[in-house]
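Please open the model in a viewer and keep the sequence panel visible. The tour below proceeds by selections, each followed by a description of what is found there.

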Amino acid sequence: MILPSLTEAESPYNRPVKYSLFPPLGLATLAAYCHECDEIDLVDQHVEKLSTDDCPDLVVIQVYITNAYRAYQIADTYRSKGCYVILGGLHVTSLPDEAKQHADSVFIGPGEDTFPEFLKDFRAGKAKPVYRSIERSLDHLPPVRRDLIKRHLYLVPNSIVVSRGCPFHCSFCYKDAFFGSKKSFYTQKVDDALREIERLPGRHLYFLDDHLLGDRRFASALFDGMYGMNRVFQGAATVNSILKGDLIEKAAKAGLRSIFVGFESVNDENMASTNKYQNIHYEYEEVCRRLNDLGIMINGSFVFGLDHDGPDVFRRTVDWALRQGITTATFHIATPYPGTAYYQEMQQQRRILHSQWDRYDTRQVVFQPKGMSTEQLKQGYDWSYREFYRWKNIVRSASAHSNSKHMLKHFFYTAGWKKFESLWTLLINGRRLGMMTPLLEAILSKVSKAGEERELGGGNTEGNKIEQPGKKIDVLEWEGLS
Ligand code: SF4
């Protein structure tokens, strides 16, 4: 099972730590459908060398848009040796005909129903060329094969996914392309999700769900169940879901310490034109205030180059984010991924500049923007990153909080993430990234208001509380995260 490295991961201009965050959970999930006696080697090319000297019975390759060419090369190599090669993932689902040229079987959509079916067919010697997902359910999901994950090579080995998809339909998102017209948002059973959490060592968890608060009943029950587990966790959610009811408070009580929020644009018109109605008419400032009050750090996601953006959008966005005390910002150049409504729209308007998929990394301009030139868009994007992460601006953003512990946490989290590149590279080269997990857990400890219980540097006592509960990329984030 192979996750080929994304093209941008090998660029000397990009940060290796960004590609050593999460293990390949999707492949480890599929591995659980294999027989116990099957010998499986799961290789993530982002953190280890891939040797193609072997000749396994079956090669499973996960394909994203910017690793597609590399995935196809690996597939061709194995096929030339007589190995059976299957390809699946977001890019294969978007462009199955392209992928078919490099595979014996391709998988369209999620693999929980189709992979077991394929394995049965493969063992019987009658595998089909195309497997299309129809039945969508996470019931009776076998435990993820975490034993195949080389935990020490990742900063966040405890990543977890308890749902699939998202209830929304943003035109630029892969989500609709991946799930098609069938069920596109579903969750595990709460008890199954809690059992999966219990299997994870340590305290820190990162929910990689597109929208952790997307099913409010499920999320509420999940947070109730997590209360008292002494966990700290991170996740993603939409603007509207944070403002509705008291779910976010419940999440904070269960251990939510940082959240990825898809603000995407400071222009409402952009949100309307991209079908992101869950952001319109909601006060972004109120979202930030609420999260800040709960001591939850914010990873704000922003997209540049949508049709209502002019050259002023960069400064306006960065200023706004700094004023709100956004902890980390993930900026993207709008990118029309094949298979999305946004791609169709750009194609109809003849605004797609090229189809070199390994350049569709949200750092490069691949379409003709409306309100500025391609150069302005690229320069503005680069400027935004530089500006947001200047030392003086890290201090400015951290100072937006009223609580001194939150200020300090914000400062150390942001500075630690962006300002110590050589330390991260040293840890990655020494294969000791796992050493940083306790530090991450300490920084994610609870911020409490004056007079409340204080928990510093891992001295968390939530696990001892007897109070009863009332009862949320930056690697791939824009490909399908809130
Ligand atoms: S961008 Fe986020 S909110 Fe919109 S469809 Fe994709 S996952 Fe859902």
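**The nonpolar core**

Begin by selecting Ile61, Ala75, Leu87, Ile259, Val261 and Phe304: in this predicted model, these residues touch the most other members of the largest nonpolar core, which comprises 123 residues. Next, select helix 2, residues 68-80; this helix gives the most to the core, contributing 6 residues. The core draws at least three residues from each of domain 1 (2-132) and domain 2 (155-420 + 474-479).

Now centre the view on Phe304. Which residues are in contact with Phe304, leaving aside its neighbours within four places in sequence? They are Asp309, Val313, Phe314, Phe331, Ile333, Ala334, Leu377, Gly380 and Tyr381.

**The two domains**

Colour the protein chain by its division into domain 1 (2-132) and domain 2 (155-420 + 474-479). Taken over C-alpha atoms, the centres of the two domains are separated by 27 Å. Where they meet, 21 residues of domain 1 are in contact with 25 residues of domain 2. On the side of domain 1 that touches domain 2, helix 2 and helix 3 (90-94) each supply at least two residues. The largest share of that side, 3 residues, comes from helix 3. By class, this side of domain 1 has 13 nonpolar, 6 polar and 2 charged residues.

**The open sheet**

Display the strands next. An open sheet is formed by 6 strands in the order 7-10-11-12-13-14, and the pairing is parallel. Strand 7 (159-160) and strand 14 (328-333) stand at the edges; each has a single partner strand, so one side of each is left without a neighbour in the sheet.

Start from the edge at strand 7, which pairs with strand 10 in the parallel sense over 2 bridges. Here Ser159 stands opposite Tyr206 in strand 10.

Select strand 10, residues 204-207. Are its residues His204, Leu205, Tyr206 and Phe207 buried or exposed? All are buried, with His204 and Tyr206 on one side and Leu205 and Phe207 on the other, and both faces of the strand are thus covered.

Continue to strand 11, which pairs with strand 10 in the parallel sense over 3 bridges; His204 stands opposite Val232 in strand 11. Add helix 8 (residues 216-226) to the selection: strand 10, helix 8 and strand 11 make a right-handed β-α-β unit.

Finally, select strand 11 (residues 232-237) together with strand 12 (residues 256-264), which pair in the parallel sense over 5 bridges. The bridge partner of Gln234 in strand 12 is Ser258.

Definitions and conventions: Residues numbered from 1 in each chain as written. Predicted model: local features only at pLDDT ≥ 70, side-chain atom pairs only at ≥ 80, totals over all residues. Pairing = 2+ DSSP bridges. Helix = DSSP H or I, 4+ residues; strand = E, 2+ residues; numbered from the N terminus. Core = buried A, V, L, I, M, F, W, Y, C linked by C-beta atoms within 7 Å. Buried ≥ 20, exposed ≤ 12 C-beta atoms within 10 Å, placed from the backbone. Domains from an automatic or database assignment. Contact = placed C-beta atoms within 7 Å. Nonpolar A, V, L, I, M, F, W, Y, C, P; charged D, E, K, R; others polar. Right-handed = clockwise from strand over helix to strand, strands pointing away.
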